[in-house]
Amino acid sequence: MPHHKTAPRLAAPVAVLALALTACGGGDDADAKSPASPEVSVSPSRAVSGGGLATGESATGKVAEGPGEVTYDVVAQKVEVGTEAEAAKAVADAADAEGRVPAVAHVRYTHRSGPALTGGSAVHHGTTVFADGQRGGVLIDASDDAPGCEDPYDVRSWKQGDSHVFCETYLIPADATSVEVHWKEEDGEPYVWKYSRK
């Protein structure tokens, strides 16, 4: 799905005052718009098909890229939650961010098979952030320059075995008790990494 820039970038230190998030382990929480995922057996390192994943557990999925279909391993490494003041600075009208905080999901994508890429990738388009079961409001390009995050449009050479960390920033309610990172193939069920805020 195409992304358009709708807000200025967050300053690089947006996640410096992050709240600690701890993993809640797997579950079968799914995108509210998607039908329930069928039960599947999960190996210790990789889920077979959509569903809840534990911290550090990777999903494998295919993405249609310019030169052909590429298989990726995907893992949500962490979510950093900022402050209401940072949210207010990230939008054109501070009132739009009232009661909200930025949540920056760090997701590592590893090229497992398929053609080498020389013109960017669409793999990160399948990533979204939810809070308390509701999708957050996306801030396009807000975290490309945050520590540990790469700009997906700057990656021009990507071959088998290479990994890149792309970050997605969403505004979520400041009082949310849980945060989820979702990633899915274009027509697949979402894989979900769930974190609780403490």
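These are my notebook entries on a few spots I looked up in this structure, which is a predicted model.

**Entry 1: His111**

I started with His111, which sits in strand S6, residues 100-113. Is His111 buried or exposed? With a relative accessibility of 0%, His111 counts as buried. I then listed the neighbours, leaving out residues up to four places away in sequence. His111 touches Val70, Thr71 and Tyr72, then Ala116, and then the run Trp158, Lys159, Gln160, Gly161 and Asp162. I also looked for a polar partner of the His111 side chain. One of its polar atoms lies 3.5 Å from the backbone nitrogen of Gln160, so I noted Gln160 twice, since this residue is also among the contacts of His111.

**Entry 2: the aromatic rings**

Staying in strand S6, I moved on to aromatic rings. How many aromatic pairs does a search of the whole structure find? The search finds 4. I picked out one of them, Tyr109 with Phe166, which is tilted: the centres are 5.5 Å apart and the planes make an angle of 35°. Tyr109 belongs to strand S6 and Phe166 to strand S10 (residues 163-173), so this pair ties together parts that are 57 residues apart in sequence. I checked accessibility for both partners. Tyr109 comes out at 0% relative accessibility and therefore counts as buried. Phe166 comes out at 1%, and so counts as buried as well. Which residues form one aromatic cluster with Tyr109 and Phe166? They are Tyr72 and Trp158. I recognised both names from my first entry, where Tyr72 and Trp158 were listed as contacts of His111.

**Entry 3: the disulfide**

Strand S10 led me to the cysteines. The count for the structure comes to 1 disulfide. Cys149 and Cys167 form it, with their sulfur atoms 2.0 Å apart. Because the torsion about the S-S bond is about -85°, this disulfide is left-handed. Where do the two cysteines lie? Cys149 is in the loop between strand S9 (137-139) and S10, while Cys167 is in strand S10, so the pair ties together parts that are 18 residues apart in sequence. Cys149 and Cys167 are both buried.

**Entry 4: strand S11**

Next I took a whole strand, S11, which spans residues 178-183. Why is S11 described as largely enclosed by the rest of the structure? The reason is that 6 of its 6 residues are buried. I wanted to see this face by face, because side chains in a regular strand alternate between the two faces of the sheet. On one side I found Ser178, Glu180 and His182, on the other Val179, Val181 and Trp183, and all are buried, so both faces are covered.

Then I looked up the pairing of S11. Strand S7 (residues 127-131) pairs with S11 in the antiparallel sense over 5 bridges. One bridge joins Phe130 to Glu180 in S11. Strand S12 (residues 191-197) also pairs with S11 in the antiparallel sense, over 6 bridges. Here Ser178 has Ser196 of S12 as its bridge partner.

**Entry 5: Thr60**

My last stop was Thr60, in strand S4 (residues 58-65). Thr60 has 24% relative accessibility and therefore counts as partly exposed. Which side chain makes a polar contact with the side chain of Thr60? It is that of Asp73, at 2.7 Å. I also noted the separation from Lys184: the C-alpha atoms of Thr60 and Lys184 are 9.5 Å apart, with their positions 124 residues apart along the chain.

How values were computed
Residues numbered from 1 in each chain as written. Predicted model: local features only at pLDDT ≥ 70, side-chain atom pairs only at ≥ 80, totals over all residues. Heavy atoms only, no water. Helix = DSSP H or I, 4+ residues; strand = E, 2+ residues; numbered from the N terminus. Buried < 20%, exposed > 50% of the residue type's maximum accessible area, 1.4 Å probe, protein only. Polar contact = N/O pair within 3.5 Å; in protein donor to acceptor, adjacent residues only side chain to side chain. Contact = heavy atoms within 4.5 Å. Pairing = 2+ DSSP bridges. Phe/Tyr/Trp six-rings, centres within 6.5 Å; stacked < 30°, edge-to-face > 60°. Disulfide = S-S within 2.5 Å.
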